[in-house]
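Student: I have a structure to look at and no idea where to start. Can we go through it together?
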Number of protein chains: 2
Amino acid sequence: MSPSSPKIYVAVVGVGLVGSELIEQLLSIPEHHTPFSLISLTSSTRTIFDAENPITSSSLWKSQLEASSEKPDLRTLTEKLASLVSTHHRVALVDNTSSDDVAALYPSWLERGISVVTPNKKAYSGDLNLYESILRASQLTGAHFLNEATVGAGLPVISTLKELVATGDKVVKIEGVFSGTMSYIFNEFSTGKSDGPAFSSVVSVAREKGYTEPHPADDLNGFDVARKLTILSRTIVSGSHTSTALPILQSFASVETASLIPPALEDIPTGDEFISRLPEFDAHFARLRADASAEGKVLRFVGVVDVLGGVVKAGLEKYSTSHPFATSLGGSDNIIMFHTERYGARPLIVQGAGAGAAVTAMGVLGDLFKLVTND
Amino acid sequence: MSPSSPKIYVAVVGVGLVGSELIEQLLSIPEHHTPFSLISLTSSTRTIFDAENPITSSSLWKSQLEASSEKPDLRTLTEKLASLVSTHHRVALVDNTSSDDVAALYPSWLERGISVVTPNKKAYSGDLNLYESILRASQLTGAHFLNEATVGAGLPVISTLKELVATGDKVVKIEGVFSGTMSYIFNEFSTGKSDGPAFSSVVSVAREKGYTEPHPADDLNGFDVARKLTILSRTIVSGSHTSTALPILQSFASVETASLIPPALEDIPTGDEFISRLPEFDAHFARLRADASAEGKVLRFVGVVDVLGGVVKAGLEKYSTSHPFATSLGGSDNIIMFHTERYGARPLIVQGAGAGAAVTAMGVLGDLFKLVTND
């Protein structure tokens, strides 16, 4: 960044775990160094906005927001931010919520020249109309939408995929363990041996550690993976110079997703009841593990974007015990393999923690830096 | 990119393997889509320049260049490019040579507002004065220097490191197999067993396959790895908000590098003679392999930037047969592990081919896209 460039105005919506961490990271950049000016915060109950006196103190922002009597109002925020956009001043709105309602506003922001940065998967994996509106609005004004943290948190997944596609490499297949929760569960459950802990006990421990949603069915349904695959698939389709065999996904519900929820437990209302009944299905999962083990394989819940085959799917698959999904994974790591024409027989691999507030916020802040062409 | 943004003027110096591939990739972007205007090519014998009629044809650029009677003259090129720089027009010079002389000109380009993109390691791993001149010139004008392809070719290594550092993560240690040649040699030579092929025969086969330099000592000396470590180390030092324990490297020669060249073979003038005498030292390397195997380990030639310990070193190390450097590597893959505060016990890992014209050119073109804040 040239020292004379005006700072980028940043407004943050959502100050929960990820939002708070993002604010801390952003404010920890030394003031003479930062390309950002944090001018607005919005929680579910309050909002502050001051372009003249930006927020600079990591010890004060919480009390500044709490002292506000202004109710959150995203329409008013949009107007105020739009009035700041000019050829010399760039404005970015960071959505740290997981709200569909906030996601629905992205086109209106982009149309006004406000760039959108977010770890929220809803807009990019939801209804195709919304996604196409986002593309159109961004093309119209040149405002950017950046969503690195929607897949693999801070890992370089979206940026790597965009670069492969933009430079004309042909992506053949992307295959990965995209859910930290599913990663943990199967790294514990299936190590290549024919026996091991009961599936229900692994899920129960994962829940106690806070690795699952309060209702584990929200992980085991595979929807989180389907959403991430939708984002990757759309990134390929919209970025490619030529057409691909990939289906145009109407939403993440179009992904072929093999849920792990036993049919009999599909409508269990609470996580506690779900956990208490899951042992009924331990024998089923133990059999899958034994079958895999007999073939010298492990079970992993993976997502696949098969560009050549035109298939986008999520489900349980078997991998040889010498495959990186078996040898290299641990904890709740994500691992993503990009098989492409240029990389040939040996894929480009990215691996590491794909969830958690610190690394997710880092992915968001990294996107903000991309707006500066930082080097 | 906004459709109304003027294109970035690109001048390419060096049209060898990587340069030619870069030109092909750049010209394969559909014309209505490309943010680049390729206005100049320079080989070792000829140059062309035409900002009014940019080069657009991937079938004609070679003959256009060959038809030129203009001799290469980088001073004149600099003047012509500098005259195009304005607030509306950005200019980038791509150096695809491996020349020290070309590298020495980077500060003069950056001072004139010309961004520099390159896979050439010389400037960033050479004399500290040159590196500091580059930083100063870039800060002065806001022109960018981007060098993703200097480490790991097209793999996201430099960009990932810059993002970790810029967002305030504390890098604890970077550890990796940074040389495709060394990767191939030790993946073949040391698999965890106590015996295997002779070291000299592995090196000889690698040379026949074109994986080594014509004189294998140019790989076995470890300088390529030392240069890459210098680049990573300087990227951390110059990007960090706070001071680190890392030494200020005067050049890549300051890296603690344990060469694999047997002392008796250090001054052998030709690759052929070197290969013919290498078998004299097979017993030495076989003993190292057997010792590692007795500990359940493999040998790998790795580079380490130990930020906490303040050490930058390259050399042969032993890794457990269950370590990713043993299980996950194959072919001539690079693998890079980023141990950081935020990633905790499980590092962020990037792996894949780290050499070859197609992936190197992709790293260069990816950097050009960063100048556009492409999304």
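Tutor: Start with a term: a residue is called buried when its relative accessible area is under 20%. Keep in mind that this is a predicted model.

Student: Fine. Which residues of α1(B) are buried?
Tutor: B:V18, B:G19, B:S20, B:L22, B:I23, B:Q25, B:L26 and B:L27. That is 8 of the 11 residues of the helix, which spans residues 17–27 of chain B, so the rest of the structure largely encloses it.

Student: What do the buried residues of α1(B) pack against?
Tutor: Parts of chain B: the strands β1 (8–13), β2 (36–42) and β4 (91–95), plus the helices α2 (61–66) and α16 (357–370).

Student: And α9 of chain B, how many of its residues are buried?
Tutor: 9 of 10, so to speak of it as mostly covered is fair; the helix runs over residues 180–189. Among the buried ones are B:M182, B:Y184, B:I185 and B:F186.

Student: What caps the N-terminal end of α9(B)?
Tutor: B:S179 does, with a side-chain oxygen 3.3 Å from the backbone nitrogen of B:T181.

Student: New topic. How many residues are in contact between chain A and chain B?
Tutor: 55 residues of chain A touch 55 residues of chain B. About 4300 Å² is buried between the two chains, and carbon and sulfur atoms give 57% of that area.

Student: Why quote an area?
Tutor: Because the accessible area lost when the parts come together is often used to give the size of an interface.

Student: How many salt bridges and polar contacts cross it?
Tutor: There are 2 salt bridges across the interface. In one of them, A:R346 pairs with B:D333, with the closest N and O atoms 2.8 Å apart. Polar contacts join 8 residue pairs across the interface.

Student: Which element of chain A gives the most to the side that touches chain B?
Tutor: α16(A), with 8 residues. Others supplying at least two residues each include α1 (17–27), α7 (128–141) and β12 (348–353) of chain A. By class, that side of chain A has 25 nonpolar, 21 polar and 9 charged residues.

Student: Last one. What domains does UniProt list for chain A?
Tutor: An unreviewed entry lists "Aspartate/homoserine dehydrogenase NAD-binding" at residues 14–146 and "Homoserine dehydrogenase catalytic" at residues 156–368.

Student: How much helix and strand do those stretches have?
Tutor: Residues 14–146 of chain A are 41% helix and 16% strand, with the end C-alpha atoms 17 Å apart. Over residues 156–368 of chain A, helix is 40% and strand 20%, and the end C-alpha atoms are 14 Å apart.

Notes:
Residues are numbered from 1 along each chain as its sequence is written. Chains are lettered from A and ligands numbered from 1 in the order in which they are written. This is a predicted model: local features need pLDDT of at least 70, side-chain atom pairs count only at pLDDT 80 or more; totals for chains, interfaces and linings use all residues. Side-chain values use heavy atoms; hydrogens and water are left out. UniProt positions are given in the numbering used here, feature names are shortened, and annotations may be inferred rather than shown by experiment. Helices (H or I, at least four residues) and strands (E, at least two) are DSSP runs, numbered from the N terminus. Buried means under 20% relative accessible area, exposed over 50%, partly exposed in between (1.4 Å probe, protein chains only). Contact means heavy atoms within 4.5 Å. Buried area is the accessible area (1.4 Å probe) that two parts lose on being put together, summed over both. A salt bridge is a side-chain nitrogen of Lys or Arg within 4 Å of a carboxyl oxygen of Asp or Glu. A polar contact is a pair of N or O atoms within 3.5 Å; within protein, one must be able to donate a hydrogen and the other to accept it, and residues adjacent in sequence count only if both atoms are side-chain atoms. Ala, Val, Leu, Ile, Met, Phe, Trp, Tyr, Cys and Pro count as nonpolar, Asp, Glu, Lys and Arg as charged, and the others, Gly among them, as polar.
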